[in-house]
Amino acid sequence: MKKATGKPGLLLSVTVLAVIAAVLTSGIIAGVATIPLLVVNIFLVLIIAMLAGYRYSDLEKGMISGVKRAIDCVMILVFVGILIAAWIKCGTVPMIIYYGLGFITPRMLLPLTFIMCSLLSLCIGTSLGTAGTMGVACVSIGMSMGIPVPLTAGAAISGSILGDKLSPLSDSTILASSTSDINIYYHVRSMLYTTVPSVLISLVIFYFLGAGYADLAMEQGVISTVRGSLANLYHFNLLLLVPVILIVILSLKKVPAILAILISGFSGLVLAMIVQKVSLIEVLSVIYNGVKVETGTAVVDSMLSKGGISSMMTTICTAVLALALGGILSEAGFLHVIVGRITKTIRSDCSTILLTLVCGILTVLLVTNFYVSVVLMGNMFRELYDQRGIHRSVMSRTIEEANTIILPLVPWNTGCIYYMGLFGFTAPLFAPYVVFAYVNIAVSILCAATGLFIFKALPVNDAEADWRIRGSKTRGGTEPNGSGAATAFE
């Protein structure tokens, strides 16, 4: 037990995490929403900590500190809701779907499903939304061709989680960078090194999986229905690519994320008035309420009825409560005790990253909630990466690879349950075909084992990274904070 001046015991720390995991897991299995479960956990952890000798004022300080640390995350999520609504209202997202569906053939269905879901998820920053729109359309087309639903669903989910993992508009990307306390663009840049090879390998696998269905007859009905509905609703032209081009350019120029999102979003709102002839009143309305479409075609309606600040409120509330819980755990020292015990045997950068990956997967399996898992991992491992001189973008990248892409494979997670309901399964039959998840984890392990893409923090400014690509010539790693930290893998 902690008395106000000491550290908590290992048993108490493990007990607290076990309580959190038990409440979340049992609640989610029972069908309870995540937000009330997080409130219950905050209350229980406060009570346990106070009984163990902590002052409430200190715990409250930690809770508020946890939320303050990621206030930029909350603001970005608010503006991302506006961006999604703007891109749909002006026709950017519908145009991507419209022309994407025009390229589909039986042989190319799986790789194109993977590509189109990746692009859409990158644009709107949500895997669930992408799977529920583009994913549903592609699975419906695959069914009409006679391609097994689990196979097409696996390709759709793979693309959806790829975009969700990599998009600077995604709540997972925003939260992982915020809880790691690094620039979101550094986080995305670090992820590119392991994600791009994973994408190429996944594309090859999906191509060969799809080649077995090349001789199937193609039914145009579903494609024609979706494309016809989109063409009736929107006027398409190249101007609609401006919001996408803007956010790419602004991201490359390292313009602050909030400003980049607002510029791209408002360019979309202007285009909605110019190209789609939408009134100013209607444009202002979608900023909060999002887009609502009723065409009579369920797939199209679900594709386009999204966005707005109101659509992000559940996500924001969940993130704030998870951050508050993480702040309490950090202030009380529960996480530090556990990590300190685990990391005593860590002697190399490779083992640091592999430990992060394993702990991340185990944590998300236990707590079943992405927000809680990411916050816990960030709080637990920041100090270890700093001690070893590894830039935190490597940590945030590994946290994403241990959390974001694992969720569809966890049957008791709400994400997996959502996908099962979406594609009509009673069990996660798509799990073997979520190729990108397995490939990305394998690439991450390979990079850790070889020392590739383990970027070091600059000694003069640990917020900046040394982006030189290194490979491990030895298996020993480096001494933390040593003078050889920047050259050990050259």
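**Aromatic Pairs, Core and Two Buried Residues**

Good morning. I begin with one residue, Tyr99, which counts as partly exposed because its relative accessibility is 43%, a value that lies between the 20% limit for buried and the 50% limit for exposed. Please keep in mind that the structure before you is a predicted model.

Tyr99 leads us to the aromatic rings. How many aromatic pairs does the structure hold? There are 14. In one of them, the ring centres of Tyr98 and Tyr99 are 5.0 Å apart and the planes stand at 90°, so this pair is edge-to-face. A second edge-to-face pair is formed by Tyr207 and Phe208, with 5.6 Å from centre to centre and 80° between the planes.

Are the members of these pairs buried or exposed? Tyr98 has a relative accessibility of 18%, so it counts as buried. Tyr207, at 30%, is partly exposed, while Phe208 is exposed, with a relative accessible area of 59%.

Tyr98 has a further partner: Arg227 lies over the face of its ring, 4.0 Å from the ring centre. Elsewhere, Tyr186, Tyr193, Phe453, Phe455 and Trp467 are linked by ring pairs into a cluster.

Let us now turn to the chain as a whole. Its secondary structure consists of 22 helices and 2 strands. What radius of gyration does the protein chain have? The value is 23 Å, and since a compact globule of 490 residues would have one near 23 Å, the two agree. Along the principal axes, the C-alpha trace spans about 70 × 50 × 45 Å.

Of contacts between residues at least 6 apart in sequence, 75% join residues at least 24 apart. The chain exposes about 19200 Å², of which carbon and sulfur atoms supply 68%. Buried residues account for 58% of the 490 residues.

This brings us to the interior. In soluble globular proteins, nonpolar side chains tend to be buried together. Here, the largest nonpolar core has 159 residues, and those touching the most other members are Leu101, Ile104, Leu329, Phe334, Phe381 and Phe430. Helix H4, residues 71-90, contributes the largest share of this core, with 14 residues.

Which residues does Leu329 contact, leaving aside neighbours within four places in sequence? They are Val16, Leu17, Ile20, Val45, Phe334, Leu335 and Leu376.

I close with two individual residues. Asp164 lies in helix H8, residues 149-166. Because its relative accessible area is 8%, Asp164 is buried. Beyond four places in sequence, its contacts include Ser121, Gly125, Ser127, Asp171 and Thr404. Asp164 and Ser127 are 37 residues apart in sequence, yet their C-alpha atoms are 5.2 Å apart in space.

Where is Val410 found? Val410 sits in the loop between helix H20 (392-403) and helix H21 (414-423). With a relative accessible area of 2%, this loop residue is buried. Not counting residues up to four places away in sequence, Val410 touches Leu365 and Cys416. Its C-alpha atom is separated by 35 Å from that of Thr295, which is 115 residues away along the chain.

Thank you for your attention.

Conventions
Residues are numbered from 1 along each chain as its sequence is written. Side-chain values use heavy atoms; hydrogens and water are left out. Rings of Phe, Tyr and Trp (its six-membered ring) pair if their centres lie within 6.5 Å; planes under 30 degrees apart count as stacked, over 60 as edge-to-face and the rest as tilted. Buried means under 20% relative accessible area, exposed over 50%, partly exposed in between (1.4 Å probe, protein chains only). A charge sits over a ring if NZ of Lys or CZ of Arg is within 6 Å of the ring centre and within 35 degrees of the ring normal. Helices (H or I, at least four residues) and strands (E, at least two) are DSSP runs, numbered from the N terminus. The radius of gyration is taken over C-alpha atoms; the globule rule is 2.2 Å times the number of residues to the power 0.38. Contact means heavy atoms within 4.5 Å. Accessible areas come from the Shrake-Rupley method with a 1.4 Å probe; for residues, only the protein chains shown count as cover. A nonpolar core is a set of buried Ala, Val, Leu, Ile, Met, Phe, Trp, Tyr and Cys residues joined through side-chain atoms within 4.5 Å.
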